[in-house]
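Q: Hey, I'm new to this one. Can you walk me through it?
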Amino acid sequence: MDTVSDVPYIVEATGLTKEFKGFAAVKNVDLRIRRNTIHALIGPNGAGKTTCFNLITKFLEPTRGTIRLNGRDITRTPPADVARLGMVRSFQISATFPHLTVVDNVRIALQRPMGNSFHFWKSESSLDSLNERAMALLADVDLTTYADHLAVELPYGRKRALEIATTLALDPEMLLLDEPTSGMGREDIARTADLIRRVSKNRTILMVEHNLSVVADLSDTITVLARGEILTEGPYAEVSKNPQVIEAYMGTGGAH
Amino acid sequence: MSTSPTTAAPPAATVRTPRTGMLALFGIAAVAVMLVAPFGVYPVFLMKVMCFALFACAFNLLLGYTGLLSFGHAMFFGGAAYICAHTIKVLGFSPEIGILAGVAFAAFLGLLAGLLAIRRQGIYFAMVTLALAQMFFFFCLQAPFTGGEDGLQGVPRRPLFGLIDISKDINLYYVVLAIFVFGFLVIYRTIHSPFGHVLKAIRENEPRAISLGYRANQYKLLAFVLSAALTGLAGSTKVLVFQLASLTDVAWQMSGEVVLMTLVGGMGTILGPIVGAAIIVTMQNYLAGLGEWVLVIQGVIFVAAVSLFRRGIVGEIIAIVSYYRSGKQQP
Ligand SMILES: Nc1ncnc2c1ncn2[C@@H]1O[C@H](COP(=O)(O)OP(=O)(O)OP(=O)(O)O)[C@@H](O)[C@H]1O
Ligand SMILES: [Mg+2]
């Protein structure tokens with residue numbers, strides 16, 4: 001099927017709703033992400049941000065609503081196929097392959113487009129051609145020295161960097177980052193923000209982020225979610241002055 | 001045990017693959033020992049160990065390298081045994097055809113069972129496989145061609161490929177050794193293939209693997225079918241050794257035994273299932289006179305192994321070795 005790649009919005013979610021046993025975690029959310037922008041999704045704890053991510057990437061089936069990626073309806077597409085269409089997510093809790101080496105973590109992502117992933121009769125040396133690119137991706141996030149460590153041995157901030165490197169290995173058109181700087185120290189945060197800005201060239205990024213200075217710094221558009229509903233949407237200067245937003249944050253003890 | 005005050009014990013899967021060269025050398029030495037072993041040890045006993053070792057290795061492909069606990073592998077072991085025995089004894093085919101039929105049947109059964117079970121996670125997966133295996137057990141109990149309580153006895157040992165006389169134990173021994181080495185190499189290659197890498201990734205973090213575009217269930221299904229087929233190879237080979245296929249081979253105890261062997265030896269290690277199988281089979285042989293007590297003793301060993309050596313015997317050895325090795329590298 002043809003995709004309409006000249007629509008201004010890469011992702012269009014309409015009337016997105018997710019109910020967990022009657023409790024609506026996400027209510028009637030309309031979210032449109034403009035191509036080649038950085039779009040932030042913020043809101044207090046439990047607002048439904050991660051649920052939105054899970055819906056858009058099809059890790060959860062929406063109760064109601066439709067999702068389009070590049071104009072193509074993906075409401076019933078399985079999550080692995082969504083990834084193959086060029087939309088790749090990260091997870092709120094660091095998601096590496098803990099007992100694979102750092103370089104193997106990245107190679108797993110690189111391997112997928114090779115089309116040999118069911119070849120159980122082939123030697124693993126057929127994956128050696130990926131080493132160079134894997135090392136280049138690791139160098140991009142300053143992980144070269146850790147290449148042969150198991151991912152589980154990495155400090156937390158470095159795990160998140162590895163996750164981003166793994167995601168970037170697929171060269172996705174659309175990237176969803178769930179709290180990419182959470183649990184990081186000041187230095188790692190700056191480094192990660194820098195990396196996100198760097199990789200946002202020719203890419204669309206949707207990120208959930210609690211660190212408002214990172215949000216202010218990076219995002220073109222901000223959507224504020226509270227109790228599963230969109231409160232407001234706009235550039236940082238506008239959104240941050242919105243009394244409802246201030247109230248939503250104060251009301252639940254503020255952002256982190 | 002002396003533990004370092006500063007570092008925690010290495011994680012279970014610091015099971016970094018030993019260097020391939022060393023492993024190959026070790027493999028050659030092991031095969032050399034196995035070539036002369038029947039002159040010192042009763043060959044039927046060694047063949048039994050090899051059949052169960054292959055069974056456990058095939059099971060470990062699923063448990064250790066895919067992270068799926070099947071509690072119904074007896075259906076593949078015993079199912080293949082019945083088909084192999086029937087093909088040879090009743091239909092009159094030669095042994096190699098019997099083995100192929102057994103393997104093909106196990107693979108097919110694996111595909112069916114896999115399609116039903118693979119969507120379930122964790123304990124639900126184990127329960128579905130157990131339920132299917134129980135259904136298969138009752139089918140075998142009722143079906144006329146399995147010989148009911150008697151099983152299929154006296155399966156003839158016709159010449160293999162019409163050439164090799166396997167009626168003598170010592171000859172059959174080398175055939176079984178060849179089958180075992182073949183099965184082991186298939187498993188080893190699978191683990192170290194592009195497919196094996198994806199399997200490990202799915203075992204480590206399935207949602208992440210999916211988010212990278214891997215349709216996890218398809219990989220698990222292929223692993224399940226491979227494991228079932230190799231289990232069928234073990235079950236068919238057992239028929240040649242004992243000239244018998246019986247209900248014991250499809251009973252749930254058989255499914256339990258292979259879990260035991262794999263855990264005692266060390267799941268997720270290449271050699272663990274072999275060691276575990278050797279230990280359990282040896283024990284059964286020596287304690288055979290004790291009757292039902294064997295089960296009790298097995299239970300005690302299982303509890304002891306699981307609480308003392310959580311990584312199994314081989315897993316613990318690997319952990320200790322890599323602990324000292326990394327200790328030397330980083331003073
Ligand atoms: N699988 C689930 N079953 C039931 N309730 C759920 C489930 N997942 C999320 N919820 C609920 O939905 C609400 C939204 O959760 P979600 O994780 O999307 O919030 P969030 O905005 O990402 O919060 P945080 O900032 O803490 O990550 C919460 O009240 C949560 O308890
Ligand atoms: Mg969240």
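Q: Which protein donors does the magnesium ion (ligand 2) have?
A: They are T50(A), through OG1, and Q92(A), through OE1, lying 1.9 to 2.2 Å from the ion. Donors here are N, O and S atoms within 2.8 Å of the metal (3.2 Å for Na, K and Ca), and since water is not among the atoms, sites may look incomplete.

Q: And where do T50(A) and Q92(A) lie in chain A?
A: T50(A) is in helix α1, while Q92(A) is in the loop between β6 (87-89) and α3 (102-111), so the pair ties together parts 42 residues apart in sequence. Helices (H or I, at least four residues) and strands (E, at least two) are DSSP runs, numbered from the N terminus.

Q: Anything I should know about the model itself?
A: It's a predicted model: local features need pLDDT of at least 70, side-chain atom pairs count only at pLDDT 80 or more, and totals for chains, interfaces and linings use all residues. Residues are numbered from 1 along each chain as its sequence is written, chains are lettered from A and ligands numbered from 1 in the order written, and side-chain values use heavy atoms, leaving out hydrogens and water.

Q: OK, is T50(A) buried or exposed?
A: T50(A) is partly exposed, at 25% relative accessibility. Buried means under 20% relative accessible area, exposed over 50%, and partly exposed in between (1.4 Å probe, protein chains only). Q92(A) is partly exposed too, at 32%.

Q: Switching to ligand 1: how many residues surround it?
A: 13 residues do, and the closest are G46(A), K49(A), T50(A), T51(A) and Q92(A). A residue counts if one of its heavy atoms lies within 4 Å. The largest share of that shell, three residues, comes from α1(A).

Q: Which side chains have a polar atom by an oxygen of ligand 1?
A: Among them are T51(A) at 2.6 Å, Q92(A) at 2.8 Å and H210(A) at 3.1 Å. The protein covers 61% of the 630 Å² of accessible area that ligand 1 has on its own.

Q: New topic: how many disulfides are there over all chains?
A: The count is zero, where a disulfide means a pair of cysteine sulfur atoms within 2.5 Å.

Q: Why no bond for C57(B)?
A: Its closest cysteine sulfur, in C51(B), is 12 Å away, so that's too far for a bond. C57(B) is buried, at 4% relative accessibility.

Q: What about C140(B)?
A: The closest cysteine sulfur to that of C140(B) is in C84(B), 14 Å away and also too far for a bond. C140(B) is buried, at 1%.

Terms used:
Polar contact = N/O pair within 3.5 Å; in protein donor to acceptor, adjacent residues only side chain to side chain. Areas by Shrake-Rupley, 256 points an atom, 1.4 Å probe, with all protein chains shown as cover.
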